[in-house]
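Trainee: I should like to understand how the descriptive terms applied to a structure are justified. May I put my questions to you one by one?

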Amino acid sequence: MIRAILLTLLLALPAQAQEARARFGAPGDTDPLILRTTTDIAVFGPTVRAYLDAHPDLAIVFEQWGSNDLYALSAAECAAGRPTADVIISSAVHQMIMLVNDRCATSWTSPATESLPDDLRWRDEIWGISREPAVIVYNRRLVPPGDVPQSRFALLDLLRPEGSLYAGLVATYDIEASGLGYLFAFMDSQEATTFGALMEAFARSGAVATCCSAEIIRGVADGTYRIAYNVLGSYAAIQATANPDLGLVYPSDYTLVLSRAAILPGRGTPRPEAGAFLDFLLSPEGQSTMAQMNLIMGSGALSLDATEDDAPASARLIPLSPTLLVPMDRAYEARFIARWRAAFGH
Amino acid sequence: MSEAPPGRAASLSLTARLALGITALLLVGGVTLAIAAFAYGRTAAREAFDRLLVGAANDIASTVSVENGRIVVDLPVSAFQLLALAADDRIAYQVRDIDGSVLTGHTDLPQPPRDAQFYDADFRGEPARYLRVTRRFAERAVSGGVDVIVGQTLRARTELAYDITRKALYGLAIGGIAMLALAVVVVRSALRPLDRLARQLAGRDPQDLTPLQTAAPREVEPLVRSVNSFMGRLDRQFETMRNLISDTAHQLRTPVAALRAQTDLALSETDPARRDRILDRIHKRSLSLGRLLDQMLSHALVVHRSGSARREPVDLRDIALDIVESGDHAAVAAGRRVNLDIGTDPVTVLADPLSLREAASNLLSNAFAHGTPPVTIGASIEGGAYLLWIRDAGDGPPAALRAAIGQRFLRSAAASGQTSGLGLSISKSVAEAYGGQLRLENRPDGFRVALVLPPEEGQP
């Protein structure tokens, strides 16, 4: 079976925003399932392989994209009426909500999708498949245990003094470059008034905004930054297992929890293989392979079948609801980014 | 294949009729209710979800402001939370500057008809409802209206409308089943008195013709009364028959014995002259016996008809005329005349003409046999009563006979060779059968016997 898996990793061409591409499964399948996702091949590949083990005749082409480019491509294909992907999975769930609202996704119902809580599905056209907290990552060598910020208030206190040790050494997502970073920032702005204070503190201490989870975590690991705020926990956890210097904090005031959104682009009936793949992702087996790659983190409290009632008070699931159309609004985004940019001094 | 006997096919049971009726009622009611409930549900859903649109549009409109001479809008999350209450509906929105250019939101929304606030149009190929709210600005730099358009697809509305309809129909179904069950119980309990009646009738001795003593509901009372009245008539008929048979036997015994004695005498008589005298007596006796038999038959006929014949309007003048013209009295009194005395006004009563005729004939025969000529028959109206009468110039029957009228009619009549009592009895029976009476009176112009009957319109 493993021999049957053909893995081709292509470097993204400058003209294309596609970051990487791989083909899994039966070489003879002339009509493979096209999976477009913002998730790294290394992280999501094992789940795809687990599915193909049970379906030896099937092949899946795995395309890895940046979230903004993935949205732009999908919206353009939708407008043209010619979707080329069978399944799209993105961490920038607000963009997926926008696609669903614009009738770019088709519906699929099955016992698996119907067992999802209301917050993790909308219109039977979009489903949350993972549970990944947004965490604070720090370098154990550079941040003494007493300084480790257990909450946003602690982080504020750390940055407040004139000439703070951490000035210029705190990093977070560049929300213009990262759809996920923008989503986290939007959710923060909704969640608490701390956001304004945090922006102000970031601005005063000269915090760094940069792109992409991998880059930020690498920066914390090599000491370029001491603390990174709002990093996707799934990536951080993988790196932390390899590098004991990395420490993770689930902020105790509240921890945002992202559920990656899957949609089946198109308007008619979806490809049955695409629906079956979705059902697999939501099945206990699919969930457990994703959990192995930290796509589903935490204890049962953070797992997919947890309801809001038994989740810890600090966990804030980002619900798949049309409320996420707000961050997609042009005027709103422009104002939001203008404020953010003013804070980070670009 | 067996065929039901014609004309006796069992008709549908009352329970089945009621069940059918209620089912039909429920079906018609159900369809009507479904239509009404759906219409109501749609209106209710429209009103409820239109309020969401109003709330969201006003929410957005309230965040529109003027900054540095330009219109800016800070989209409120709360507006979308409000719209998200319709859980599975797409949201469309647009904010337009005073010059009509799109500030933010969907650029390709269908435009509202002139002056319309709410309007229906598609959104991405799905039916949707829109609301336009205009916020007016009158500032130094900016003057005019900013349009906020908010729209939503109709899934939640449709679902609510169906839900209301469904629940109304559930209610109706439960109510309907309860009604059917109750109807069956009610019919069963309502029909129980009939069952009891039927059991009582079935359990009766065939000879028992006494009235039923069952307590019956008001609606069944007429039935019980009818049955009782029927049995009463039956009982009277039986009584009459029994009386007739016993009386006939009793009455015939004496004359037949007398005839036999006379015949024996004639057989042993050798003197021709005396034998002729005896034969003459036998002849008279047999004539008398024949008249007696006629009257007995007549009486039987009258009594029978009074219980069974249909009543019809009869003009008493016609009866009188008919009797005079038919000349029935000739047999009794050959060669004698009868006078007719009738007016110009009709004297109409409700009765059986044959019975009346029979009674009048008997009275006429009596008048010829026992009265004094001239004999007159007539019909008249006297003091509100309608009369058919016979008059002769004599004094009438003796007081003892008058008193005996109405008693068992034949006891003494035939034995004495007198049959006038029998004729009076027949007439009295007829008069009473039609709600009247027999009147015997001595007047200056002689003795008159009359059938006094109530007028036609006075009949029940």
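Trainee: In this predicted model, which residue stands opposite B:Leu387 in β14(B)?

Mentor: The residue opposite B:Leu387 is B:Val452 in β14(B). The two strands concerned, β12(B) and β14(B), run antiparallel and are joined by seven bridges.

Trainee: What makes β12(B) and β14(B) a pair of strands?

Mentor: Two strands pair if DSSP finds at least two bridges between them. Seven bridges join β12(B) to β14(B), so the requirement of at least two is met.

Trainee: How do you know that β12(B) pairs with β11(B) as well?

Mentor: The same test applies. Between β11(B) and β12(B) there are seven bridges, in the antiparallel sense. One bridge partner of a residue in β11(B) can be named: B:Thr376 has B:Arg391 as its partner in β12(B). These two strands form a hairpin with two residues between the strands, and there B:Gly383 takes a positive phi near 60°.

Trainee: Why is β12(B) called mostly covered?

Mentor: A residue counts as buried if 20 or more other C-beta atoms lie within 10 Å of its own. Seven of the eight residues of β12(B) are buried, and the strand is therefore described as mostly covered.

Trainee: What is the order of the strands in the open sheet that contains β12 of chain B?

Mentor: The order is β9-β11-β12-β14-β13, and the pairing is mixed. Neighbouring strands of this sheet are turned by 20° against each other on average, direction ignored.

Trainee: What makes β9 and β13 of chain B the edge strands?

Mentor: Each of them, β9 (338–342) and β13 (437–443), pairs on one side only.

Trainee: How do you know that the pairing in this sheet is mixed?

Mentor: Set two pairs beside each other. β9(B) and β11(B) pair in the parallel sense over five bridges, whereas β11(B) and β12(B) pair in the antiparallel sense. Within the parallel pair, B:Ile342 stands opposite B:Ala379 in β11(B).

Trainee: Which helix packs on this sheet, and which strands does it touch?

Mentor: The helix is α7(B), which touches β9, β11, β12 and β14 of chain B. Its direction makes about 25° with that of β12(B).

Trainee: Why are α6(B) and α7(B) called oblique to each other?

Mentor: The axes of α6 (residues 316–326) and α7 (residues 353–370) of chain B come within 10 Å and cross at roughly 55°. Angles under 35 degrees count as roughly parallel, over 145 as roughly antiparallel, and 65 to 115 as roughly perpendicular. The crossing at roughly 55° falls in none of these ranges, and the two helices are therefore oblique. The crossing is right-handed.

Trainee: Which residues of α6(B) meet α7(B)?

Mentor: They are B:Ile319, B:Asp322 and B:Ile323, and on the side of α7(B) the residues include B:Leu356, B:Arg357 and B:Leu364. By class, the residues of this contact divide into six nonpolar, one polar and two charged.

Trainee: How does the other open sheet of chain B, with the order β4-β3-β7-β6-β5, pair its strands?

Mentor: Its five strands pair in the antiparallel sense. The edge strands are β4 and β5, for each pairs on one side only. The twist averages 25° from one strand to the next. Six bridges join β5(B) to β6(B), and B:Asp120 stands opposite B:Arg129 in β6(B).

Trainee: Turning to chain A, what makes both faces of β4(A) covered?

Mentor: A:Val87 and A:Ile89 on one side, and A:Ile88 and A:Ser90 on the other, are all buried. Each therefore has 20 or more other C-beta atoms within 10 Å of its own, and both faces count as covered.

Trainee: Which strands pair with β4(A), and in what sense?

Mentor: Strand β2 of chain A runs parallel to β4(A), with three bridges, and A:Arg36 has A:Ile88 as its bridge partner. Strand β14 of chain A pairs with β4(A) in the antiparallel sense, over three bridges, and A:Ile89 stands opposite A:Ala262.

Definitions and conventions
Residues numbered from 1 in each chain as written. Chains lettered and ligands numbered in written order. Predicted model: local features only at pLDDT ≥ 70, side-chain atom pairs only at ≥ 80, totals over all residues. Axes fitted to C-alpha atoms, helices over the stretch in contact; angles between N-to-C directions. Helix = DSSP H or I, 4+ residues; strand = E, 2+ residues; numbered from the N terminus. Left-handed = near helix turned anticlockwise from the far one by under 90°. Contact = placed C-beta atoms within 7 Å. Nonpolar A, V, L, I, M, F, W, Y, C, P; charged D, E, K, R; others polar. Buried ≥ 20, exposed ≤ 12 C-beta atoms within 10 Å, placed from the backbone.
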